[in-house]
Amino acid sequence: ARFINRYVIKTDMESSFYMNTDTRARLARGGGRFHFGIPGRGVVAAEACVRVCSELVRDALDTSALDARHRVIVAKTVLAQRNFALGWEHRVNRVMPHLIIGALCYVVLDRKRRNDMGFHKDMPRALPCCLLGGNPECSTGVFVEILRKEKTKLTIMVTTVDFFSLRMTN
């Protein structure tokens, strides 16, 4: 079979990267292959980039006081903001540079969306939420965390809303 984009996964057989026959078969079906380097000798530039990225994500999580379970959303947002700052614009989402991770906001949802999410009619239209980060798959979408009351307990719902339906507080 011909593949438009072949890819190579380079590894030096570290213990952090698990590889078995299923992984090899999946790679082969997708046009990929492994390239093994010398064990214990990494690529300095790649390791420096990973170190910078992890520091940026850790710093954003600490500053925003968000839980670690939101690490992936925060990482995508922080790295997209870094790319915007370096002049490499994101091809889909245009609101990434304007996001403040962990900001307290109010989101206004229409009646149909509120019904789909299971909110009661007596709840206010503007719901308090916490801004988690941008959704890289849509142009103005952001991830928010909304508190939801279910009978006797509070639950937390993570969903995507339109950036322009948010009102940030100070």
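**Notebook: strands, helix α3 and side-chain pairs**

I began with the sheet, where β5 and strand β6 (residues 153-162) pair in the antiparallel sense over 10 bridges; I count two strands as paired if DSSP finds at least two bridges between them. The model is a predicted one, so I kept local features to pLDDT of at least 70 and side-chain atom pairs to pLDDT 80 or more, while totals for chains, interfaces and linings use all residues. Residues are numbered from 1 along each chain as its sequence is written, and side-chain values use heavy atoms, with hydrogens and water left out. Helices (H or I, at least four residues) and strands (E, at least two) are DSSP runs, numbered from the N terminus.

**Entry on the strands**

I looked up one pair of facing residues between β5 and β6, and found that Lys 149 stands opposite Leu 154 in β6. The hairpin of β5 and β6 has two residues between the strands, and in this hairpin Lys 151 takes a positive phi near 50°.

On the other pairing of β5, I noted that five bridges join it to strand β4 (residues 126-134), and that these two strands run antiparallel. Here the hairpin has six residues between β4 and β5. As one example of the register, I recorded Ile 146 in β5 as the bridge partner of Cys 129.

I then asked how many of the 10 residues of β5 are buried. Seven of them are, and I therefore describe β5 as mostly covered, taking buried as under 20% relative accessible area, exposed as over 50% and partly exposed as in between (1.4 Å probe, protein chains only).

**Entry on helix α3**

I checked the length of α3, which has 15 residues and reaches 21 Å from its first C-alpha to its last, close to the 21 Å expected at 1.5 Å a residue; the expected span of a helix is 1.5 Å times one less than its number of residues. The buried residues of this helix are Ile 73, Val 74, Ala 75, Thr 77, Val 78, Ala 80 and Phe 84. Which elements do the buried residues of α3 pack against? I found α2, β4, β5 and β6, with contact meaning heavy atoms within 4.5 Å. Just after α3, I also noted Gly 87, which takes a positive phi of about 100°.

**Entry on salt bridges**

I found three salt bridges in the structure, using the rule of a side-chain nitrogen of Lys or Arg within 4 Å of a carboxyl oxygen of Asp or Glu.

Arg 69 forms one with Asp 67, the closest N and O atoms being 3.3 Å apart. Arg 69 is exposed, with a relative accessible area of 54%, while Asp 67 counts as partly exposed at 41% relative accessibility. Arg 69 also forms a salt bridge with Glu 145, where the closest N and O atoms are again 3.3 Å apart. This second pair links distant parts of the chain, 76 residues apart: Glu 145 lies in strand β5 (residues 141-150), and Arg 69 in the loop between α2 (44-64) and α3 (71-85). Glu 145 counts as buried, at 15% relative accessibility.

The remaining salt bridge I looked up is between the side chains of Asp 116 and Lys 112, which meet at 3.4 Å, N to O. Because the two residues are four apart in helix α4 (residues 111-117), they are separated by about one helical turn. Asp 116 counts as exposed at 58% relative accessibility, and Lys 112 is exposed with a relative accessible area of 58%. I noted finally that salt bridges sharing partners join Asp 67, Arg 69 and Glu 145 into one network.

**Entry on aromatic rings and cysteines**

I counted one aromatic pair, on the rule that rings of Phe, Tyr and Trp (its six-membered ring) pair if their centres lie within 6.5 Å, with planes under 30 degrees apart counted as stacked, over 60 as edge-to-face and the rest as tilted. The pair is Phe 163 with Phe 164, edge-to-face at 5.3 Å centre to centre and 75° between the planes. Phe 163 counts as buried at 15% relative accessibility, whereas Phe 164 is exposed, with a relative accessible area of 53%.

My count of disulfides (pairs of cysteine sulfur atoms within 2.5 Å) came to zero. For Cys 49, which is in no disulfide, the nearest cysteine sulfur is that of Cys 53, 4.2 Å away; Cys 49 is partly exposed, with a relative accessible area of 43%. Cys 130 is likewise in no disulfide, and the nearest cysteine sulfur, that of Cys 105, is 7.5 Å away. Cys 130 counts as buried, at 17% relative accessibility.
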